[in-house]
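Colleague: I am new to reading structures. Please walk me through one, feature by feature.

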Amino acid sequence: MREDPPRPWRALHALPEPPQPSAIPAPDRRAVLRGAAASLALAAAAGCDAPDNFGQPLYSRPRGVAREVSWFATALELEGLGRGVLVRNQAGHAVKVEGNPAHPASLGATDTYMQAAILSLHDPYRSRHAREGGRPRPPLAAEAALAEAREALAARGGAGLRILTGLVASPTLARLIGEVLDAFPGAAWHQYGPLADDGALAGARLAFGAPVAVLPDLSRARAILSLGGGVLEEGPAQLRLARDWAAAREAGRRAGHLPSLLVAEATPSLTGAKADRRLVLRPQEIEPFARAVAAALGVPLAAPAAAAHPDAPRIAAALRRAGPEAVVLAGRGQPAAVHALAHAMNVALDAPGTTLRYADSPYARPEEAGASLRALAEAMAAGEVTHLLVLDANPVHTAPPELGLPGLIRRLPFSLHAGLYLDETGLACRWHLPLRHPFEAWGDSRAFDGTATIRQPATVPLVEAARGAEEILAALLGRRQEGATGLGEALVRETWRAAWQEAEFEARWRAALEEGVVEGTALRDRPARLREGWDPGPAPAPPAGTLAALFAPDPGLWDGAMAENAWLQELPRPLTRLAWGNAALLAPSTAEALGLAPGDEVELELRGRRLALPAWPMPGHAPDTVTLPLGHGRPTAGLEGGGGFDAYRLRPADAPWTAHGLVLRRTGGRRMPIATDHHHEIRGEEIIRTVAPGEELPPHRPGPSFYPPWPYPGHAWGMAIDLDSCIGCNACVVACQAENNIPVVGPEEVARGREMHWLRVERYFIGAPENPDTAFQPVPCMHCEKAPCEVVCPVNATVHDAEGLNTMIYPRCIGTRTCSNNCPYKVRRFNWFDYARGGDGVRVANPEVPLRIRGVIEKCTYCVQRIGAARAQARAEGRERLRDGEVVTACAQACPTQAILFGDINDPESAVARAKREGRNYALLGELDVRPRTTYLARVAQAPEGPAA
Amino acid sequence: MSGAQGGIDTRRIADVALAPRFGRGFLAALAAAALGVLLLCYAVVVLLVVGLGVWGTNVPFVWGFDLINYVWWIGIANAASLFAAVLVIRRHGLRTAVNRFAEAAALAAVLAAALYPILHLGRPWLFWWVFPYPATYEVWPQFRSALIWDFWGIMSHVVVTSLFWYVGLIPDLATLRDRARREWQRRVYGLFALGWRGSVQHWARHQAAYRLVAALVLPLLLAAQTIVALEFAVTLVPDWHQARLPVHVVGTGIPSGLGVVLVLAVLLRATLGLERYIDDADMDLLGRLFAASALACALIYAGEIVTALLENPRTREAFLSRAFGDYAPLYWGAAVLTTLLPQLLWWRRLRHIPLVTVPLGLGAAAGVWLDRFSLVAGGLVRDHLPRIGPLYAPTAAEWILLIGTLGLFVLALLLFARFVPVISMFETRHEESEREAP
């Protein structure tokens with residue numbers, strides 16, 4: 001009946017058809033259920049002290065699960081840089097991750113990856129056995145092989161030994177690698193991360209002659225120019241940058257004039273979505289633009305910009321107005337010259353010391369990952385390598401294919417891979433060892449600002465045979481466990497014993513474990529002076545008339561390492577709203593010029609390599625450019641590949657981020673990716689409201705009601721969501737999924753519109769598709785005072801409680817789904833299948849939250865279990881009323897920008913009550929007068945260059 | 001009792017029910033219907049074991065074939081009962097010919113319809129929770145919910161339709177009892193004839209009861225159909241939230257019911273050789289009624305367009321997207337089949353051509369089905385917030401269930417035709433004798 005997939009602004013009759021799941025190379029439902037069985041294992045773990053094996057009871061706490069909850073402070077790494085987390089451990093098992101408020105890279109917030117780590121921990125498809133040639137071997141055999149290698153290598157001074165890791169900032173890991181290199185002088189260490197920002201490193205070397213790290217302090221920034229994103233997107237510093245940006249914005253809102261975020265980028269990003277002014281530039285136009293802005297700022301350049309960009313003077317003026325309170329940041333994947341230009345502009349603005357500071361790199365040995373991997377490949381090709389250790393990296397999947405890494409590794413006499421999964425590299429190597437999950441192992445890590453965290457196990461090891469990377473290196477060094485302390489812990493202690501004085505060691509050790517941060521380890525400022533001749537001059541223009549391929553991390557799977565995680569696979573990507581797969585993103589105008597409809601299959605050819613995948617027009621995308629999200633389409637993942645297409649297969653070694661000369665052909669086929677969003681149009685003003693700074697929305701006067709108002713003498717729970725702060729990062733969605741045992745339903749079911757997320761983040765485009773304004777709106781249950789769902793339920797399965805929660809009584813629900821029909825916000829979810837308990841179905845973790853059986857409706861509860869726990873705690877302390885901030889919902893806790901406020905609206909001093917008194921407060925669909933307890937704070941917009949001076 | 005009173009012999013009708021064999025055609029039809037019922041059983045078992053996920057429903061399209069077919073079947077049942085009841089109350093001449101099988105069709109349709117509200121539940125085995133039984137927890141149904149009203153509506157519908165059909169059948173059951181050649185037939189018909197002896201007192205009470213039940217049918221049917229419409233109209237969904245919806249559902253249901261009665265009449269005439277009892281004048285009258293109801297339906301459609309355009313913008317948009325959006329073919333298909341095409345029957349000549357009347361009657365039934373589809377699915381395309389999911393499209397499981405309920409409907413009618421008189425014998429005799437008397 002219908003052929004056209006979602007296009008926001010098309011006419012009424014061109015609505016999308018339901019995607020045909022069969023057309024997508026996606027795992028079938030069964031496979032997904034198997035893959036998502038991590039949650040099953042997680043549930044089993046949560047209840048595993050119980051002698052019976054009947055799974056989690058539906059309506060009550062599992063037998064044997066203790067109420068006692070303990071929290072372990074530890075860290076999770078992204079790109080080798082730690083973000084502090086607190087892991088909730090119940091009955092001996094890790095069940096939920098929260099951010100560590102004391103950690104500078106978390107400040108209590110989490111991102112999607114941190115939230116989802118708990119699922120990976122319990123994934124039954126994790127590697128469980130040491131393997132040789134793919135066949136399971138006892139762990140002792142692997143150790144013997146390592147000992148044999150050690151002896152063989154010792155005889156020739158380590159010649160032929162290579163270690164390949166991801167980027168390493170961990171002091172202990174770095175120390176042990178150093179010891180290996182000392183013990184085997186002929187050995188070499190390589191680092192490779194497919195998303196490592198080599199340009200940033202090269203740019204720092206260009207500008208300062210050293211790998212200087214820039215640590216921005218956005219809380220003081222009045223103007224931010226982002227060249228190619230890189231402020232609010234996923235990354236090791238995202239949570240901190242987002243929090244600081246939100247804090248500056250909050251201060252700006254109070255002061256009546258907002259700081260401005262100016263973004264020039266090719267692929268729409270979260271940074272671009274929140275930009276006060278966004279310029280759409282082709283990737284090759286970013287450097288000339290940066291040059292033009294720099295010239296306007298008076299930066300001495302080797303060569304002036306070829307042609308002044310029309311917007312450059314205004315952007316420069318905005319930066320100039322902010323003076324030292326301005327900062328220029330270059331995003332991931334920008335060439336070195338752009339990073340160098342950003343450094344020079346910061347110096348010209350006198351920003352160092354105010355909005356940024358310089359420090360040494362937090363990495364143990366900063367190096368350009370691409371060059372490091374190429375050196376390894378060349379050495380292997382030259383036959384110089386006999387022994388290769390791959391620690392927690394998957395280069396066979398992520399390396400540029402022209403390096404021929406799989407073949408080179410297979411030819412080695414000894415190769416050993418240690419990883420969480422038996423991945424592509426694990427299969428290519430002779431030996432594979434299962435690696436411990438960070439929550440099971442001892443270790444340490446450093447944050448982007450250098451702050452160290454001692455990682456401690458937050459659960460008993462779930463995989464017997466698994467080892468930490470540090471232990472494998474120790475085994476290579478021939479070191480064994482001594483004394484009562486386990487080897488992993490001993491290795492970490494050793495590192496820190498060297499750093500601390502002996503007398504205070506135990507006290508500091510304990511303090512570090514409790515706090516989750518090691519005092520005084522943040523990077524110290526270092527002087528950095530612009531080098532003479534830092535400007536390499538303008539880059540040669542790419543051949544005209546060709547397409548550019550942009551490679552980008554997938555906002556969900558990152559570099560592909562998260563591909564096994566069903567929560568992340570099913571998470572609709574913030575801007576594309578695609579789940580369980582990726583697509584070639586391109587500008588609507590380019591798609592139109594090429595005659596491409598969404599879902600049309602295209603064959604991309606780049607330097608002789610080809611890849612067929614669906615095209616997906618993306619509003620706000622730069623023309624003549626195709627963005628390829630990395631990390632999908634992995635052949636060996638436990639989810640049987642997930643959906644999507646492996647863009648690494650096209651990625652050239654010398655142009656890992658932007659490659660020109662892409663050829664695009666229509667194949668004539670159609671492969672509709674799974675889109676969770678079929679918006680065709682927005683009645684913008686009503687749904688997403690925007691005010692000028694200081695402007696107030698007209699108050700909404702509630703109309704008459706047939707039923708008398710219900711008194712809430714005690715607490716009255718409510719929520720306020722600040723749309724001005726929300727960056728659309730999805731952390732709240734995964735946090736809600738983890739907290740509330742929300743099942744994964746798989747690609748087929750998502751394609752049918754049956755995703756179960758209780759909280760969704762809506763993405764709206766407003767304006768022309770070339771460069772629309774993007775708005776995010778998290779939509780949980782509104783907990784309407786006059787809840788329309790309640791009166792239509794024939795069996796009273798959804799009713800109000802005494803504190804104003806719209807509760808859902810699962811055992812009473814018979815599944816008429818009438819409530820969903822009458823919910824104007826469409827936040828109710830139905831268990832079409834036995835997602836929670838069926839056969840090999842999805843099981844979930846939090847023992848405080850009941851599972852839902854087939855045939856019942858479920859929805860956001862405002863984390864009623866947390867309210868209950870807080871109330872119990874208050875009663876135990878002899879208090880009748882809860883204090884503000886005592887109950888934090890999972891979504892609010894995860895939010896990096898603290899956009900979600902929750903509390904008692906009866907308490908006039910509570911944060912949420914104060915927020916609701918703000919002039920920006922409005923109810924979504926307020927005209928229906930259902931009086932939602934969840935309200936929104938309008939976005940604030942001003943002229944992008946700030947208020948008229 | 002003699003069937004040969006006056007000029008008409010009703011023995012033929014009784015013989016149909018009492019015949020030992022019915023011929024191959026009947027057996028084939030019976031087998032086909034039984035196959036349909038087997039499919040129904042299969043669909044129900046799959047539904048109960050696997051879950052509602054086998055349907056194409058999702059959020060926001062939480063209702064699909066379940067409600068579409070429920071409303072459709074109820075519409076057929078209502079229109080057929082309504083038609084029969086009007087004939088009985090008005091003592092219309094046509095009643096002798098058609099009201100018995102109209103009642104039977106209504107009953108079969110109610111049975112088919114009643115399956116859906118139970119099967120569409122997430123947990124069908126708990127459907128009885130909508131009944132206000134004294135539960136230990138003292139939880140009562142939500143009496144403000146239209147689904148509770150609907151529960152009472154359909155319960156009353158089943159009871160009254162069955163009573164109407166059965167009360168009308170009693171004298172004829174007695175006739176069959178008296179004519180039965182086999183002992184067991186005599187006993188079975190005798191049991192259901194409730195000791196009918198044809199005394200004047202019996203007749204007087206029977207007539208009173210029959211007309212009383214018929215009179216009950218009228219408001220109840222309107223109420224039942226209205227309540228079904230209220231299930232939609234009391235929600236906040238912009239396209240559903242309209243006061244005109246009950247009129248729409250009742251009014252558009254009539255052509256489909258009449259269409260089905262018309263088709264059945266043609267089939268009975270052709271297959272059982274009952275031309276004499278359902279004569280050309282009856283067919284003529286039925287055809288004109290059918291066309292007139294379609295005309296009424298056209299007025300309802302016109303009213304819908306006018307009111308929708310006068311409504312608030314959100315309702316207007318919702319209606320426009322239903323009429324011109326994704327599900328537009330359903331809307332226009334319904335409009336053509338239920339309002340335009342039946343107008344052909346204003347031509348006297350066409351009213352007597354079965355090849356015209358049968359497709360038109362079936363078309364009207366199909367058209368109302370499309371209308372219900374358009375309402376249930378198309379009405380949700382434009383909600384208060386922009387739609388977030390894919391559209392609704394029925395799956396194989398839903399089609400199988402629909403075919404299964406069709407099989408149930410046909411099977412019930414075939415058994416009816418086999419075991420009870422398809423035409424009211426006593427009414428026919430009565431009419432004949434009235435005609436002879438003066």
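Modeller: We take the contact between chains, then a pair of helices, then a barrel.

Modeller: This is a predicted model: local features need pLDDT of at least 70, side-chain atom pairs count only at pLDDT 80 or more, and totals for chains, interfaces and linings use all residues. Residues are numbered from 1 along each chain as its sequence is written, with chains lettered from A and ligands numbered from 1 in written order.

Colleague: How many residues does each chain give to the contact?

Modeller: Two residues are in contact if their C-beta atoms, placed from the backbone, lie within 7 Å. Here chain A gives 52 residues and chain B gives 41 residues. Helix 5 of chain B gives the most to its side, with three residues. Helices are DSSP runs (H or I, at least four residues) and strands are too (E, at least two), numbered from the N terminus.

Colleague: How do I describe two packed helices?

Modeller: Use the angle between their axes and the distance between the axes. Axes are lines fitted to C-alpha atoms, for helices over the stretch in contact, and angles run from 0 to 180 degrees between N-to-C directions. The axes of helix 5 and helix 6 of chain B come within 8 Å and cross at roughly 160°. The two helices are therefore roughly antiparallel (over 145 degrees). Leu173(B), Leu176(B) and Arg177(B) of helix 5 meet residues of helix 6 including Tyr189(B) and Phe192(B).

Colleague: Which strands make the closed barrel in chain A?

Modeller: Two strands pair if DSSP finds at least two bridges between them. Six strands run 19-24-21-23-22-25, with mixed pairing. Five bridges join strand 19 to strand 24 of chain A, and these run parallel.

Notes:
Parallel < 35°, antiparallel > 145°, perpendicular 65-115°, else oblique.
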